[in-house]
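Q: I would like a close look at one part of this protein, with enough of its surroundings to place it. Please go step by step.
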Amino acid sequence: MNAQLQLFFTNIDKINLYFGSDAKSFYINLALKLTVRNIIFHYEDYEAVRQEIKKHTKWYNTARVNQQVINTYYVHFAKQPEKIGGALNLYKSLTKQFSRGEHSYITSAYLTTEDDMDRIQKLLADLMKQTSMKYYPIKPATCAMLARRPEDTGILANTIEQYYKALVSIGYERKDATKNAALILTIGTGTFDEFTFTRLQELTLFIKNTETKLKSCHYATIALLALAKFEVHQFPALYDIHNEICRELKLNHNQCNTLLITTQIYTSNEAIGDIPSNESYYSDIIFSAVESSSSDGGSDGGGGGD
């Protein structure tokens, strides 16, 4: 069995054993995020993260009770819980520009300094200048991932617009799923990359020729495969892993997210776009694919307090 697939199943078992029936709503997502970072779930590490959050927040704060926030911080800080205090301090500053709550807590995990917040605001402003992206509900955490790229924010916003228009030109629908795919491609390449887009066209054509219809919920999957330099002849291996996951977890093969889960596991040790596989944050492109594709999401509103 593929080593990454085995790690995924191991994490599934460990998470279900620790949380019991409470894990039903998040065990696959948490296991996936740990797997793409090559982390094995350990309850001692999880409790250390939970206690560190508790130490740095008041009893009534969202982070004390929100499972998604705790899971996000565990994925990021499992081996370095001492960094959680810094992230939560950045949260206090972040809420001067964004509303308090889950989205801001999760966004703080992706920040390193207060300068990152200014870059996120600038990127959001530049996105608003793009015709197709003006009303796109990008999540602050996803915006933070994109803002970590070295390119100017104006260039990044323009690249998303370029990818979006190019995707529409080859038959992708004019909807948020296409914008999500454009965003994923931009996180992976920074500027419009002809090689990546040509690869995406090849994969799209193959799927159109073998499936009855190209579903918009698969756009993110195709974008991720293109970034990983996936080739058509690798589809049988991908489908084998997909079948294994669906059989093991008793999932419906026709659910769109099952193929996305499979793709993330399959590509988790690959270089994504121009980001080397040994870069510490390279798998954030994977997280972006999950977060952008699993729900519509939306950015937090205006300022709050500290």
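What is the relative accessible area of Asn 38?

A: The model is predicted. In it, Asn 38 has a relative accessible area of 44%. Buried would require a value under 20%, and exposed a value over 50%, so at 44% Asn 38 counts as partly exposed.

Asn 38 belongs to the loop that joins helix 2 to helix 3 (43-56), and it comes just after helix 2. Its phi is positive, about 60 degrees, although Asn 38 is not a glycine. Most residues other than glycine have a negative phi. Lys 229 is another residue other than glycine with a positive phi, near 60 degrees. Lys 229 sits in the loop between helix 12 and helix 13 (235-249), and its relative accessibility of 39% makes it partly exposed.

Now step back from Asn 38 into helix 2, which covers residues 27-36. Nine of the 10 residues of helix 2 are buried, so the helix is mostly covered. The buried ones are Tyr 27, Ile 28, Leu 30, Ala 31, Leu 32, Lys 33, Leu 34, Thr 35 and Val 36. Partly exposed Asn 38 therefore follows a helix that is mostly covered.

What touches helix 2 can be followed through Ile 261, a residue of helix 14. Setting aside neighbours within four places in sequence, Ile 261 is in contact with Phe 8, Ile 28, Leu 32 and Ile 245. Of these, Ile 28 and Leu 32 are among the buried residues of helix 2. Along the chain, Ile 261 and Leu 32 are 229 residues apart, yet their C-alpha atoms are 7.3 Å apart in space. Ile 261 has a relative accessibility of 8% and therefore counts as buried.

Helix 14 as a whole (residues 256-266) is also mostly covered, with nine of its 11 residues buried. These are Cys 256, Thr 258, Leu 259, Leu 260, Ile 261, Thr 262, Thr 263, Gln 264 and Ile 265. Two of the buried residues of helix 14, Cys 256 and Leu 259, are touched by His 218, not counting residues up to four places from His 218 in sequence. At 17% relative accessibility, His 218 is buried. His 218 lies in the loop between helix 11 (194-210) and helix 12.

Helix 12 (residues 219-227) packs against helix 10 (residues 176-189). Two packed helices are described by the angle between their axes and the distance between the axes. For helix 10 and helix 12 the angle is about 20 degrees and the axes are 8 Å apart. Angles under 35 degrees count as roughly parallel, so helix 10 and helix 12 are roughly parallel to each other. Their crossing is right-handed. On the side of helix 10, the contact is made by Ala 177, Thr 178, Ala 181, Ile 184, Leu 185, Gly 188 and Thr 189, and on the side of helix 12 by Tyr 219, Ala 220, Ala 223 and Leu 227. Eight of the residues in this contact are nonpolar, three are polar and none is charged.

A second helix pair gives another case. Helix 7 (residues 115-128) and helix 9 (residues 153-169) pack at about 40 degrees, with axes 8 Å apart. At that angle helix 7 is therefore oblique to helix 9. The crossing of helix 7 and helix 9 is right-handed. In helix 7, Arg 119, Lys 122, Leu 123, Asp 126 and Leu 127 meet Thr 153, Gly 154, Leu 156, Ala 157 and Ile 160 of helix 9. The residues of that contact divide into five nonpolar, two polar and three charged.

Finally, the whole chain gives the setting for Asn 38. The protein chain has 15 helices and zero strands. Of its 306 residues, 55% are buried. Among contacts between residues at least 6 apart in sequence, 71% join residues at least 24 apart. The accessible surface comes to about 13,800 Å², and carbon and sulfur atoms account for 49% of that surface.

Conventions. Residues are numbered from 1 along each chain as its sequence is written. This is a predicted model: local features need pLDDT of at least 70, side-chain atom pairs count only at pLDDT 80 or more; totals for chains, interfaces and linings use all residues. Side-chain values use heavy atoms; hydrogens and water are left out. Axes are lines fitted to C-alpha atoms, for helices over the stretch in contact, and angles run from 0 to 180 degrees between N-to-C directions. Helices (H or I, at least four residues) and strands (E, at least two) are DSSP runs, numbered from the N terminus. Angles under 35 degrees count as roughly parallel, over 145 as roughly antiparallel, 65 to 115 as roughly perpendicular and the rest as oblique. A crossing is left-handed if the near helix is turned anticlockwise from the far one by less than a right angle, and right-handed if clockwise. Contact means heavy atoms within 4.5 Å. Ala, Val, Leu, Ile, Met, Phe, Trp, Tyr, Cys and Pro count as nonpolar, Asp, Glu, Lys and Arg as charged, and the others, Gly among them, as polar. Buried means under 20% relative accessible area, exposed over 50%, partly exposed in between (1.4 Å probe, protein chains only). Accessible areas come from the Shrake-Rupley method with a 1.4 Å probe; for residues, only the protein chains shown count as cover.
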